[in-house]
Amino acid sequence: MTGSESTFGVSTHKGILMALDEVNKAGGVKGKKIQLKNYDDQGQASEAVTIVTKLITQDKVSLLLGEVASSRSIAAGAVAQQYKVPMVSPSSTNPKVTQVGDYIFRVCFIDPFQGSVMARFAINNLKLKKAAVFRDIKADYSVGLANFFVDEYKKMGGEVVADVSYASGDMDFKSQLTSIKGKNPDVLFVPGYYTEVGLVARQARELGLKAVLLGGDGWDSEKLTEIGGDAVVGGYFSNHYSHEDQSPVVQNFVAQFKARYGEVPSGLAAQGYDAAMVAVDAMKRASELSPKAFREALAQTKNFQGVTGMITINEERNAVKPAVVLKVVGPQKFSYVTTINP
């Protein structure tokens, strides 16, 4: 809720609150209302561990929703697995998240798919075959996504002319960007979080680097254009849904969210809503109100109609679902380009 990626937590929380209010108004689960306990881990993995331990041992929760970023989900997941309490991440995409154990789930696609989506988009849609990669060495999310993009891009006949790194919290990227500019790429893939991506874009343009900017769902924040200004306009990123999707499920969600919060829901808000609804659906199907029964029901989730698409949980406890590609077209405005299926 605070820290460098705070918009992710705040948006997700809004989606979860909306979902659970709906559920409780409709009578809850098996005649019981759901009680939500929420804590802010400030974007720190160590704090996520402390909080999840407290939620399980003191608050006695029977299911966890979180975290929104992979490094924190991996850390928190180890605690959830140890205590055998199911955890559903709305949006952590690194493969390692669910590999922590059989109590850890997610309702988002994973980075091997997201990386290949952006590689395929660069080559098939943009017809650009010369890429540079700029990854955040401190974030499991960014490192993994960069690797999967590179693998797929090369497989499709693209050339990766530079692969350099920065660390979360850095403010000056000019030396790395100067070396990238020297290689003259058509595409610059920056699979980081919006905080640094905005600054990277600004500095890239200041140096005269003209490559098309591409990224992943870590770009999805109203702060992206606030930080990056015109420099991020024209960039593309993969995401979990588009508020422009005309399906009744999406438009109903967008209308309700706007009425409640006075803003257009981001992909993170939609993922928060879906994570809560998938969890509730599992609770309703569970043989009893216990963490073990919830875990078993979650594992059997098939064709659940979410806002972000049809969700099926596979044997690795990951969601199989499509991705969308959005284009940054102006201040806080992302427009739908295409859907890419698994």
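Tutor: A cavity is a set of points where a 1.4 Å probe fits but cannot get out, and its lining residues have an atom within 4 Å of a point. The model considered here is predicted.

Student: Which residues line the largest cavity?

Tutor: The lining consists of F8, V68, A69, S70, S91, S92, T93, Y141, Y193, D217, G218 and L268. The space inside amounts to about 80 Å³, and the structure holds one cavity of 30 Å³ or more.

Student: What makes D217 a charged residue of that lining, and how is G218 classed?

Tutor: Asp counts as charged, so D217 is charged; Gly counts as polar, so G218 is polar. The whole lining divides into six nonpolar, five polar and one charged residue.

Student: From which domains does the lining of the largest cavity draw at least three residues each?

Tutor: Domain 1 and domain 2 each supply at least three residues to it. The domain assignment gives residues 6–109 together with 246–322 as domain 1, and residues 112–239 as domain 2.

Student: How many residues of each domain are in contact with the other?

Tutor: Contact requires heavy atoms within 4.5 Å. Domain 1 has 18 residues in contact with 18 residues of domain 2. The domain centres, taken over C-alpha atoms, are 28 Å apart.

Student: What sets a pocket apart from a cavity, and how much space lies in the largest pocket?

Tutor: A pocket is an open set of points, whereas the probe in a cavity cannot get out. The largest pocket holds about 1,000 Å³ of space. It is lined by 47 residues, and L36, K37, L63, L64 and L65 are the closest to its centre.

Student: Which helix gives the most to the lining of the largest pocket?

Tutor: Helix α1 does, with six residues. By class, the lining of the largest pocket holds 25 nonpolar, 12 polar and 10 charged residues.

Student: What is known of the second largest pocket?

Tutor: Its space is about 370 Å³. Of its 19 lining residues, V264, P265, S266, Q332 and F334 are the closest to the centre. Domain 1 and domain 2 each give at least three residues to this lining, and the classes are seven nonpolar, eight polar and four charged.

Student: How do you know whether the length of α6 agrees with that of a helix?

Tutor: Helix α6 covers residues 140–155, which is 16 residues; at 1.5 Å a residue it should span 22 Å, and its end C-alpha atoms are 23 Å apart, so the values agree. Helix α8, with 13 residues (194–206), should span 18 Å, and its end C-alpha atoms are 18 Å apart, which also agrees.

Student: Why is Y141 called buried?

Tutor: Buried means under 20% relative accessible area, and Y141 falls in that class, so its relative accessible area is under 20%. The buried residues of α6 also include L145, F149 and Y153. Together, the buried residues of α6 pack against α3, α5, β4, β5, β6 and β7.

Student: Against which elements do the buried residues of α8 pack?

Tutor: They pack against α1, β4, β5, α7, β7 and α9. Among these buried residues are Y194, L199 and A204. Just after α8, G208 has a positive phi of about 85 degrees.

Student: Why is K96 called partly exposed?

Tutor: Its relative accessibility is 45%; the partly exposed class lies between 20% and 50%, so K96 belongs there. This residue is in helix α4 and touches I74 and D140, leaving aside residues up to four places away in sequence.

Student: What makes Q42 and K84 notable in their phi values?

Tutor: Each has a positive phi in a residue other than glycine: near 55 degrees for Q42 and near 60 degrees for K84. Q42 lies in the loop between α1 and α2, and K84 in the loop between α3 and β2. At 38% relative accessibility, Q42 is partly exposed; at 43%, K84 is partly exposed as well.

Student: Is the peptide bond from G66 to E67 cis or trans?

Tutor: That bond is cis, with omega near -15 degrees. E67 is placed in the loop between β1 and α3.

Methods
Residues numbered from 1 in each chain as written. Predicted model: local features only at pLDDT ≥ 70, side-chain atom pairs only at ≥ 80, totals over all residues. Heavy atoms only, no water. 1 Å grid on protein atoms, 1.4 Å probe; cavity = no way out; pocket = protein on both sides within 12 Å on 5 of 7 lines; lining within 4 Å. Points joined across faces, edges and corners; volume = space filled by probe spheres on them. Helix = DSSP H or I, 4+ residues; strand = E, 2+ residues; numbered from the N terminus. Domains from an automatic or database assignment. Expected span 1.5 Å × (residues − 1). Buried < 20%, exposed > 50% of the residue type's maximum accessible area, 1.4 Å probe, protein only.
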